[in-house]
Each structure stands twice: as C-alpha cells, then as structure tokens.
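Okay, thanks for coming, everyone. I'll put the structure up and then walk you through a few parts of it.

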Amino acid sequence: MADHTLNDEQAIELTALLLKNLREALFDSRAYLRPADLQRVADAQAQIFLTYLDSRDAEAVRRHGAYLCTVGVGEQAVLRINRTLQRFGLQRLTGEELAGFLEQVDEYQRRVVEGYIAQNTTQILEEQERIRSALQQNLQRYTLQLETAAELARTAISTLELGSLLTSTVDLIGARFGLDYVAIYLLDEDDRYAELWAATGAEGRIRLSARHKLRANSGNSVGKCLASRQHILQVLRSEEQCPPSPSWLEDTRAEMVLPLITHGRVIGALSAQSTRAGAFSSQDVIGFQIMCDQLANAIENSRLYADAQRRAEDLAHAYDQLKELETLKDQFMQNISHELRTPLTMIRGYAEFMLGGQLGEVDDFQRDALQVILRNSEALSDMVTDILAMLELSATKVALSALSMQDAVQDSVTGFQIVAATNGVALSADLAPGNGACPVMARPDHLRRIIDNLLGNALKFTPAGGQVHVRLWEREQRVYLEVSDTGIGIPVHFQERIFERFFQVDSSQRRSRGGAGLGLALVRELVQSYGGSVSAASPGVGQGSTFTAILPRAPL
Ligand code: ADP
C-alpha cells in the first residue's frame with residue numbers, strides 16, 4: 001500500500017484520471033442528465049478535486065473520486081476506477097463502500113429524475129394525452145368496424161339479390177371509412193378468374209362495365225390473398241410511381257385485401273384502397289376481417305336463395321303445365337261424357353220400349369237380353385253422371401239450401417229395394433225416427449249421388465243372401481249416415497285408397513261387378529266440399545264393410 005500523501009505529479013495524474021473516469025461515468029448516466037447538467041456536474045467536481053489536491057490527501061481524493069465515478073455506476077465504471085486506484089497503490093473499492101455509494105447514487109438519480117419530471121410535466125402530460133387519444137381513435141375505429149359489420153349483416157338479411165348486396169356493401173364500407181375505392185372480386189365457377197362484382201365510384205363503374213377480372217393464381221395482391229387465404233397489406237413507397245397491383249387505381253397509395261371465406265372455402269376477396277399511404281394499420285385487419293366473414297356468409301345465403309328461387313320457378317312452371325293438361329283432360333272428359341249422354345238415353349229408351357212390347361212381342365230370351373242392355377246402359381249412364389258431377393264440382397260454386405237428409409235417404413232406399421230384391425239381398429233402414437229431419441246444406445243432386453253411390457256399392461258388393469243396413473242420426477251439430485253390408489269386405493290396407501279416383505281393389509270377384517272406380521272419389525269430394533268427411537271400415541275380406549259419411553247439420 002503506497003503512502004497516502006501523494007507528490008505533486010501523482011496528485012495531478014490521479015486527479016486527471018479520476019476526472020476522466022467521472023466524465024465517462026457521467027456520460028453513461030446521460031439518460032438521467034441533460035448535456036448542460038453533465039457539463040455543470042463535471043466542472044463542479046473538478047473544482048472540489050483541486051481543493052483536495054492542495055491537501056495531497058490521497059485517501060480523500062480516492063473516496064471522493066470513487067464516489068463520483070459511481071454516479072453512472074456500471075461494471076465497466078467500477079473496473080475502470082479500481083484499475084486507476086490500483087495504479088497509484090491505493091485501496092480498491094470494497095463491496096460495502098460500493099453499496100454505500102450506490103445508495104447515495106440512487107438518491108441522487110431519484111432527485112435528478114424527479115427534477116426532470118417536475119421540469120417536464122407539461123411535456124409528459126402532452127405525451128400521455130397523445131397516447132390516450134391514439135388509443136381512443138383506435139377504439140373508435142374498431143367500434144365503427146363492428147358497427148359496419150352489424151349493418152352489413154342487416155343489409156344481408158334484407159337484400160337477397162347478390163348484385164345489390166355487393167353494391168350496397170362496397171358503398172357502405174367506402175362511406176363509413178372514407179376510402180377512395182372499395183371493390184369485391186368473386187371467383188368464377190372453376191376458380192380460374194376473380195371477377196369484379198362491385199366497386200365504388202366512377203372508376204368502379206368503368207371497370208364493371210368492362211367486366212374487369214384478374215387471374216386467380218397471378219402474383220397481384222388479390223391473387224396472393226386468394227392463394228394464401230390471408231390478408232395482404234400493400235403500401236406504395238414515396239419514391240415508387242407505378243401502382244404495384246393491377247387492381248389499384250392511379251392515385252392509390254395503400255391497399256388492404258381480405259379473403260372472403262365461407263364453410264372453409266375461399267370464394268373471393270375484398271380490396272380497400274386509399275390515397276393516403278398510412279390509411280391502414282395492422283389493427284384494422286381484425287375489424288375488416290369480421291366484416292368480410294359476415295359478407296362471405298351473406299353471399300353464400302344469397303346464392304342458396306337464388307338457387308331455391310330457380311327451383312321454385314321451375315316447379316311453378318311444371319305445375320302450370322300440369323294444370324293446363326288437367327284442364328284439357330277435364331274438358332275432354334266433359335265433352336265425351338256429354339256426347340255419351342244422348343246415345344245412352346236413346347239405347348235405354350228403345351230397350352224400355354221393346355221390353356214394354358211397343359215394338360212387337362218379345363220372347364223370354366229376347367227379354368233377358370233386353371234387360372242386360374238396360375242394366376248396363378243404366379250403369380254407364382250412372383258413370384257419366386258421376387264424371388260430370390265431379391268435373392262440375394271443381395268448376396262451379398252454387399248456392400245451397402237446407403235439405404232433409406232423412407227424406408233423401410228414404411227415397412234412395414225405396415228406389416234401391418227393386419235392385420236388392422233382384423240381387424237377393426235384404427235392404428233395411430233405421431232413419432232416426434225420433435230425431436228430426438237431419439237437415440244439411442247441400443244441392444239435392446249431390447246429396448243423391450252421395451247416398452246412391454254408398455248404397456249402390458253395398459248392394460253391388462254383397463252376394464245373394466246378404467244384408468245391407470242403412471242408419472241415419474244426428475249428434476253435436478253433425479248428421480251421420482252409415483251404410484253397412486255383409487258383403488265381400490275390403491282389405492285393411494286399401495280402406496283409405498278406395499277413395500282415390502279410378503282406384504279399384506283388384507280382384508276378379510270385384511271386377512266382374514263393373515264400375516270405373518269413380519263413385520267413392522266423387523262421394524269424398526262432395527262430402528268434403530260441404531265440410532264433412534267419409535270413411536270406410538271392414539274387419540277384412542269376406543267380412544262385410546261399413547261406410548260412414550258425416551255432414552254438418554244445417555242450422556234451423
Ligand atoms: P266402383 O264401384 O265404380 O269400382 P267406387 O269408387 O265406388 O268405384 O269403389 C272403389 C272400389 O272400392 C270398388 O271397386 C271396390 O273394390 C271397393 N268397394 C266400394 N264399396 C265397397 C263395398 N261396400 N264392399 C266392398 N268393396 C267396396
């Protein structure tokens with residue numbers, strides 16, 4: 001350890017070195033001190049050193065120099081000081097000393113920082129305000145993006161036509177964000193081209209009328225976005241003159257292209273352009289992508305709707321054609337039926353004439369033949385009447401009057417007694433004697449067709465020795481007519497189908513009884529046209545059938 005009193009030369013050299021260290025250490029702490037303060041501290045310390053120099057007290061110089069040099073303390077500064085002290089045989093800084101110094105240094109720095117803050121409060125407040133308003137602006141922009149997305153969703157619900165949907169979308173986004181150009185490209189069917197579907201402004205109109213399109217796999221911004229399924233942000237550097245993308249307008253300085261993705265499939269892209277290079281930030285992408293996702297779904301819905309509409313139109317067209325055919329068919333059947341009426345009347349008339357003997361005597365053999373002619377022409381005539389009634393039913397609506405169902409059934413039963421007797425079938429009726437007339441609102445001829453068809457069928461499908469029973473009653477504002485027989489019955493799975501037009505249960509036993517399968521269809525259509533219903537029940541083949549027709553009771 002060297003003597004603590006330094007000679008002049010040593011004192012000057014040590015002071016010079018420590019001052020150098022101090023400058024360097026202060027330079028390290030420039031973050032806390034302004035250049036002017038740095039200079040002031042350095043000068044002041046130099047003065048103090050000169051005082052110490054006078055006393056030649058090496059220890060005092062060491063302490064004060066070391067302390068000052070730790071002002072900007074760092075590993076390098078400590079090393080430098082220790083090296084200098086070593087060179088003069090002075091004691092190196094101990095850990096404790098360093099900690100003591102550092103405490104003072106911390107205090108010193110705190111004061112400096114506080115002073116800095118006090119001096120710069122206005123500046124700091126301004127900075128805080130700047131950050132706050134930047135954040136607020138970002139928030140406002142994001143809110144605007146979300147609001148626009150919501151408005152887009154509303155537009156999508158009310159606009160199902162694709163062209164109008166896309167046009168209102170580009171207009172809305174362009175106006176809301178003050179953009180100079182917004183365009184929507186959609187991929188064509190084989191994904192080869194991205195076609196321009198909607199674009200804002202005059203330039204947009206020109207491009208749309210020129211059917212502007214871009215190759216989907218090209219290196220331009222739209223192509224890149226479609227291929228990568230990612231947004232593309234392009235900004236023109238100030239020295240660049242030509243637009244870097246064919247989708248750009250002449251004055252565009254910044255473009256943001258976003259993919260339109262629905263059900264995991266890219267269907268197109270939206271390009272937003274501005275004449276300001278800093279128009280888009282990477283934060284804008286989030287809000288714009290939400291809008292584009294909404295839009296992609298709306299496009300999908302609109303396409304589905306268009307598809308459904310096309311199908312509906314095809315169906316409507318097919319239905320019209322079918323209706324036309326149906327009318328033609330009805331017309332044809334009506335004509336034929338009318339044409340058949342006159343010759344049938346003539347045949348029946350002459351057969352009756354001959355049976356009556358007016359055209360000369362007829363023997364038994366001839367009588368039988370004439371009766372066959374009469375029976376069959378009557379059956380044919382009934383069929384023609386059914387056909388005409390059915391056609392007329394769908395064509396006209398006539399005024400109705402209240403009729404006694406009891407009278408109508410009674411007449412019919414009386415009329416069929418001869419047929420029943422001829423067939424060897426017992427026909428009986430229970431027409432609700434104490435129950436009133438069972439009035440219904442109907443046309444008399446319609447009522448007659450309903451009763452006659454049910455009764456005629458019962459007699460037709462009941463072999464000799466069987467029974468047919470008719471019941472009539474009313475309950476809860478409804479009139480019930482039930483015709484039951486002990487005849488051949490109806491298989492359960494046909495009990496609903498026998499009411500279809502031209503349907504007949506297929507068996508030789510039934511075929512031999514003639515008919516066209518129209519009678520029950522007419523009964524159901526007539527009954528339903530009066531707000532009623534009809535049903536068939538049969539335990540099975542050979543076990544008889546029961547038909548029940550229900551009609552609303554006419555108000556008294
Ligand atoms: P059609 O009697 O002229 O064939 P319908 O429409 O009156 O036509 O009857 C349809 C079919 O329903 C008949 O062909 C017959 O098979 C069956 N059917 C109708 N009424 C009865 C009945 N009372 N008993 C058994 N089968 C019947």
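So, how many salt bridges does a search of the whole structure find? The search comes back with 16. Keep in mind that what you're looking at is a predicted model.

Let me start with those charged pairs. In general, side chains of opposite charge can pair when their charged atoms come close. Take Asp-284 and Arg-141: they form a salt bridge, and the closest N and O atoms sit 2.8 Å apart. This one ties together distant parts of the chain, since Asp-284 belongs to helix α9 and Arg-141 to helix α5, with the two positions 143 residues apart. Now, is Asp-284 buried or exposed? Its relative accessibility is 4%, so Asp-284 counts as buried. Arg-141 comes out at 24%, so that partner is partly exposed.

Next, a local pair. Glu-127 makes a salt bridge with Arg-130, with 3.2 Å between the closest N and O atoms. Both are in helix α5, which covers residues 95–158, and because they are three residues apart, about one helical turn separates them. Glu-127 is partly exposed, at 38% relative accessibility.

You can see that spacing again in helix α9, where Lys-329 and Glu-326 are three residues apart, about one turn of the helix. Their salt bridge has its closest N and O atoms 3.7 Å apart. On accessibility, Lys-329 has a relative accessible area of 33%, which makes it partly exposed, and Glu-326 is partly exposed as well, at 40%. Then there's a little network: Asp-307, Arg-310 and Arg-311 are joined through salt bridges that share partners.

Okay, on to the sheet. What is the order of the six strands? Reading across, you get β3-β2-β1-β6-β5-β4, in an open sheet with antiparallel pairing. At the edges are β3, residues 213–215, and β4, residues 232–235, and each of those pairs on one side only. From one strand to the next, the twist averages 25°. Helix α6, residues 162–176, packs on this sheet and touches β1, β2 and β6, and the helix direction makes about 150° with that of β1. If you zoom in on β1 and β2, residues 181–187 and 193–199, you'll find five bridges joining these antiparallel strands. Leu-187, for instance, has Ala-194 in β2 as its bridge partner.

Now a couple of backbone angles to look at. Most residues other than glycine have a negative phi. Arg-211 has a positive one, near 50°. You'll find Arg-211 in the loop between α7 and β3, and with 71% relative accessibility it counts as exposed. Arg-229 also has a positive phi, near 60°. Arg-229 is in the loop between α8 and β4, and is partly exposed at 39% relative accessibility.

Last stop is the surface. Which residues form the nonpolar patch there? They are Met-346, Tyr-350, Phe-353, Met-354 and Leu-359, and together they have about 500 Å² of accessible area. Leu-359 is in the loop between α9, residues 284–355, and α10, residues 364–395. With a relative accessible area of 52%, and the exposed class starting over 50%, Leu-359 counts as exposed.

That's my tour, so let's go to comments.

Conventions
Residues numbered from 1 in each chain as written. Predicted model: local features only at pLDDT ≥ 70, side-chain atom pairs only at ≥ 80, totals over all residues. Heavy atoms only, no water. Patch = residues over 30% accessible without salt bridge, like charges linked within 9 Å, V, L, I, M, F, W, Y side chains within 5 Å. Areas by Shrake-Rupley, 256 points an atom, 1.4 Å probe, with all protein chains shown as cover. Salt bridge = Lys/Arg side-chain N within 4 Å of Asp/Glu carboxyl O. Helix = DSSP H or I, 4+ residues; strand = E, 2+ residues; numbered from the N terminus. Buried < 20%, exposed > 50% of the residue type's maximum accessible area, 1.4 Å probe, protein only. Pairing = 2+ DSSP bridges. Axes fitted to C-alpha atoms, helices over the stretch in contact; angles between N-to-C directions. Contact = heavy atoms within 4.5 Å.
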